[in-house]
Amino acid sequence: MTADVTIGGGPQAVDLARRTSADLLQRVEDRLGALLAAERASWAQVDERTTVPIDALAELIASGGKRIRPAFCIAGYLAAGGEAAAPGIVAAAAALEMLHVSLLVHDDVLDDSSRRRGLPTVHAKHIALHHDRGWQGESRRYGEGVGILAGDLAMSYAEELMSQAPATASADWHKLCSEVLIGQYMDVAAAAEFSVDPAVSRLIARIKSGRYTIHRPLVVGASAAGRTDLAAAFAEYGEAVGEAFQLRDDLLDAFGDSADTGKPAGLDFTQHKMTLLLGWAMQRDDSIATLITEPGHSGDEVRAYLVDTKVPDDVEAHIAGLVDLGCKAITDAPIAPVWREELKVMARKVAYRNA
C-alpha cells in the first residue's frame with residue numbers, strides 16, 4: 001500500500017486527518033476496555049481474587065494518560081496511506097498503550113513511587129492494603145509482588161493484542177519491547193553508579209523512553225500499512241522528537257507541579273537518576289551530587305542549584321534544536337503534506353507539554 005502524496009494540507013485535509021485519528025484513538029480506548037472487561041468477567045467466575053490485577057490495570061487506564069504512543073502509531077499508519085477501516089491498526093495501537101501500562105506499573109516499583117496520575121500506584125495501594133488487613137508476611141514485598149505481576153499481565157495482554165495486528169509490524173514491535181527493557185536496565189545501572197556521563201544519559205533517554213514513545217510507534221504504524229520505505233525518515237524524526245520528549249519529562253520531574261503531572265515531584269533526585277539535566281549540572285557544580293546523595297537536603301535546594309548552573313536553559317535550547325531537527329527530517333518524506341504538518345504539530349505538543 002502506498003500513500004497518496006497528492007493530498008493537500010488545507011483546512012479540510014487537516015480536519016479529516018484529525019477526525020480520522022480521533023476516531024481510531026476512540027476505537028483503541030474501546031478495545032482496551034472490552035479486553036479487560038471480558039477478562040474480568042471470565043476470571044470472576046473462578047475466584048473473586050483473580051480480578052485484582054485486572055482491576056488494577058483497568059483503573060490505571062481509566063485514570064487518563066495522553067495516549068501518545070497509540071497516537072503516533074496511528075499517525076504513522078495514516079501517513080503511510082493505511083486504510084482507517086482496517087481493524088489491525090487498532091490492535092497495534094492498543095498493544096502499545098497496554099505495553100505502556102505494563103512499564104508504568106513496573107517503573108513505579110523500580111522508582112518506589114507512591115502516586116501515578118493522581119492515584120496511589122498499584123504497589124503502594126497493595127502495600128497499604130496488606131498492612132491494614134494485618135496479613136502474613138511483609139507488606140512491602142506483597143505490594144511490590146502485586147505490582148510486578150500486574151505489569152506482567154499487562155505485557156501478556158499487549159502481546160495478545162499485537163498478535164491481531166498486521167504481521168508486517170511484528171519485527172518492529174519485538175525490537176521496541178526488547179530495547180525499552182534494556183533502556184530500563186541502563187537507567188537503573190546509571191543511577192547506581194551515579195557517574196557523570198552525558199553520552200550515557202542521552203543514550204538512556206533515547207532507548208528507555210524516546211524510541212518506544214515516538215520512533216517505534218511511528219514505524220510500527222507505517223509497517224502495519226506496508227510502508228517499510230518510511231523507516232529511515234521516521235527514525236530520524238522519532239529519535240530527535242523522542243529525546244525531546246524525555247528531556248521535557250526530566251524538566252517536569254525537577255520543576256513541574258505534581259498537581260499537573262499526577263506524580264511526586266523530584267523522583268529523579270531521590271532515585272539518583274542520571275538524567276542529562278543532572279549530568280550537565282554536576283559537570284558545572286560538584287556540590288549538586290552531594291545535595292542529591294546525602295540526607296538532609298530538600299528538593300528546593302537542588303532545584304535552586306540547578307537554576308544557578310543555567311543548565312535548565314541549556315536543556316530547553318537542546319529541546320528546541322531536537323524539535324527543529326525532527327521537523328526537518330520529514331520535510332521530504334514521501335507522505336501527504338497534511339501528515340508532514342501534523343507530525344510537526346505533534347512534535348511540538350510532546351516537547352512543550354506541561355504534564
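## An aromatic pair

Across the whole structure, which is a predicted model, a search finds one aromatic pair. The pair is made by W135 and Y142, whose rings meet edge-to-face, with 5.5 Å from centre to centre and 80° between the planes. W135 counts as partly exposed because its relative accessibility is 36%, a value that falls between the limits of 20% for buried and 50% for exposed. Y142 is likewise partly exposed, with a relative accessibility of 30%.

## The chain as a whole

The secondary structure of the protein chain comes to 16 helices and two strands. The C-alpha trace spans about 60 × 60 × 30 Å along its principal axes. For 355 residues, a compact globule would be expected to have a radius of gyration near 20 Å, and the 21 Å found for the protein chain agrees with that expectation.

Of the 355 residues in the protein chain, 50% count as buried. Among the contacts with a separation of 6 or more, 75% are accounted for by residues that stand 24 or more positions apart. The accessible surface of the protein chain comes to about 15600 Å², and carbon and sulfur atoms hold 54% of that surface.

## The largest nonpolar core

In soluble globular proteins, nonpolar side chains tend to be buried together. Here the largest nonpolar core has 103 residues, and those with the most contacts inside it are F72, M98, Y237, W339 and L343. The element that gives the most to this core is α4, with 13 residues.

L343 shows which parts of the sequence are brought together at one of these positions: with neighbours within four places in sequence left aside, L343 is in contact with F72, A75, L218, F234, Y237, I330 and I335. Two of these partners, F72 and Y237, are themselves listed among the residues with the most contacts inside the core.

## Helix α7 and its surroundings

Helix α7 covers residues 170–193, which makes 24 residues, and reaches 35 Å from its first C-alpha to its last, close to the 34 Å expected at 1.5 Å a residue. Its buried residues are D172, W173, L176, C177, E179, V180, G183, Q184, D187, A189, A190 and A191. An α-helix has 3.6 residues a turn, so residues three or four places apart point the same way. What covers the buried residues of α7 includes α4 (88–111), α6 (139–162) and α8 (198–224). Just after α7, F194 takes a positive phi of about 50°.

Q184 has its place in helix α7, and it counts as buried because its relative accessibility is 10%, which is under the 20% limit. When neighbours within four places in sequence are left aside, Q184 is in contact with L103, D107 and K208.

## A loop residue, A84

A84 lies in the loop between α3 (68–79) and α4. With a relative accessible area of 27%, A84 is partly exposed. Although A84 and L24 are 60 residues apart along the chain, their C-alpha atoms are separated by 7.3 Å. Apart from neighbours within four places in sequence, the residues in contact with A84 are T20, L24, R27, Y77 and L78.

Note on methods. Residues numbered from 1 in each chain as written. Predicted model: local features only at pLDDT ≥ 70, side-chain atom pairs only at ≥ 80, totals over all residues. Heavy atoms only, no water. Helix = DSSP H or I, 4+ residues; strand = E, 2+ residues; numbered from the N terminus. Expected span 1.5 Å × (residues − 1). Buried < 20%, exposed > 50% of the residue type's maximum accessible area, 1.4 Å probe, protein only. Contact = heavy atoms within 4.5 Å. Core = buried A, V, L, I, M, F, W, Y, C linked by side-chain atoms within 4.5 Å. Rg over C-alpha atoms; globule rule 2.2 N^0.38 Å. Areas by Shrake-Rupley, 256 points an atom, 1.4 Å probe, with all protein chains shown as cover. Phe/Tyr/Trp six-rings, centres within 6.5 Å; stacked < 30°, edge-to-face > 60°.
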